[in-house]
Amino acid sequence: MTDPVSTEVPPLTPRKVLYALVGLALHLVAGFFMLVSGLVAPPWAVTAMLIVWAVLLLLGIRRWRTRPWITIGIPVLAFAVWLATLAAGGAFLDWRA
């Protein structure tokens with residue numbers, strides 16, 4: 001009798017490894033942008049963005065083996081959070097460099 005919920009991990013192909021590595025490398029770039037946002041944003045906003053970045057990093061690490069294509073979308077989401085935070089802070093909270 002077979003188990004209806006398979007916990008078997010599919011084999012990694014070079015393409016899947018490339019997706020995961022590119023996604024996680026781009027996520028590091030997004031983290032750098034969030035870190036240097038302290039030039040414009042207050043420390044509490046930078047801290048909040050870095051917490052979101054860390055949560056997205058954990059999501060990428062957890063999913064890179066089973067769904068490596070998700071790791072390509074994670075830095076896109078991180079950049080969107082960064083851009084939205086700085087735009088909203090500049091529009092509503094008068095953050096200026």
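**Three helices and their aromatic contacts**

Trp 82 is buried, with a relative accessible area of 18%. That value falls under the 20% cut-off, so Trp 82 counts as buried. The model is predicted. Trp 82 is a useful place to start. The residue lies in helix 3, and so does Phe 79, three residues away, about one turn of the helix.

The two side chains form a ring pair. The ring centres of Phe 79 and Trp 82 are 6.4 Å apart, and the planes stand at 80°, so this pair is edge-to-face. Phe 79 is partly exposed, at 27% relative accessible area. Phe 79 and Trp 82 also belong to an aromatic cluster, together with Phe 32 and Phe 33. In total, the structure holds five aromatic pairs.

Another of these pairs involves Trp 44 and Trp 95. Their ring centres are 6.0 Å apart and their planes meet at 75°, so the pair is edge-to-face. This pair links distant parts of the chain. Trp 44 sits in helix 2, Trp 95 sits in the segment after helix 3, and 51 residues separate them. The two partners differ in their surroundings. Trp 44 is exposed, with a relative accessible area of 57%. Trp 95 counts as buried, at 12% relative accessibility.

Now to the nonpolar core. The largest one has 13 residues. The members that touch the most others are Met 34, Ala 41, Met 49, Ala 78, Trp 82, Leu 86 and Trp 95. Helix 1 (14–35), helix 2 (43–63) and helix 3 (70–92) each supply at least two residues of this core. Helix 2 gives the largest share, five residues. In soluble globular proteins, nonpolar side chains tend to be buried together.

Ala 78 shows how these parts meet. Leaving aside neighbours within four places in sequence, Ala 78 is in contact with His 27, Ala 30, Met 34 and Leu 56. His 27, Ala 30 and Met 34 are among the helix 1 residues that make the contact with helix 3. Leu 56 is one of the helix 2 residues that meet helix 3.

How are the helices arranged? Take helix 1 and helix 3. They pack at an angle of about 15°, with their axes 7 Å apart. The angle is under 35 degrees, so helix 1 and helix 3 are roughly parallel to each other. Their crossing is left-handed. On the helix 1 side, the contact includes Tyr 19, Ala 20, Val 22, Gly 23, Leu 26 and Phe 33. On the helix 3 side, it includes Thr 71, Ile 72, Pro 75, Ala 78, Phe 79 and Trp 82.

Next, helix 2 and helix 3. Their axes come within 10 Å and cross at roughly 170°. That angle is over 145 degrees, so helix 2 and helix 3 are roughly antiparallel to each other. Met 49, Val 52, Leu 56, Leu 59 and Gly 60 in helix 2 take part in this contact. Their counterparts in helix 3 are Thr 71, Ile 74, Leu 77, Ala 78, Val 81, Trp 82 and Thr 85.

Helix 1 and helix 2 remain. The axes of helix 1 and helix 2 come within 9 Å and cross at roughly 170°. Helix 1 and helix 2 are therefore roughly antiparallel to each other. Leu 24, His 27, Leu 28, Ala 30, Gly 31, Met 34 and Leu 35 are the helix 1 residues in this contact. In helix 2 they meet Val 46, Met 49, Leu 50, Trp 53, Leu 56, Leu 57 and Gly 60.

Between helix 1 and helix 2 runs a loop that holds Val 36. Val 36 is partly exposed, with a relative accessible area of 35%. Val 36 and Val 46 are ten residues apart in sequence and 8.4 Å apart in space, C-alpha to C-alpha. Gly 38 also has its place in the loop between helix 1 and helix 2. At 44% relative accessibility, Gly 38 counts as partly exposed. From Gly 38 to Leu 77 the separation is 39 residues in sequence and 20 Å in space, C-alpha to C-alpha.

The last stop is Asp 94, in the segment after helix 3. Most residues other than glycine have a negative phi. Asp 94 has a positive phi of about 60°, although it is not a glycine. Asp 94 is exposed, with a relative accessible area of 52%.

Note on methods: Residues numbered from 1 in each chain as written. Predicted model: local features only at pLDDT ≥ 70, side-chain atom pairs only at ≥ 80, totals over all residues. Heavy atoms only, no water. Core = buried A, V, L, I, M, F, W, Y, C linked by side-chain atoms within 4.5 Å. Buried < 20%, exposed > 50% of the residue type's maximum accessible area, 1.4 Å probe, protein only. Helix = DSSP H or I, 4+ residues; strand = E, 2+ residues; numbered from the N terminus. Contact = heavy atoms within 4.5 Å. Phe/Tyr/Trp six-rings, centres within 6.5 Å; stacked < 30°, edge-to-face > 60°. Axes fitted to C-alpha atoms, helices over the stretch in contact; angles between N-to-C directions. Parallel < 35°, antiparallel > 145°, perpendicular 65-115°, else oblique. Left-handed = near helix turned anticlockwise from the far one by under 90°.
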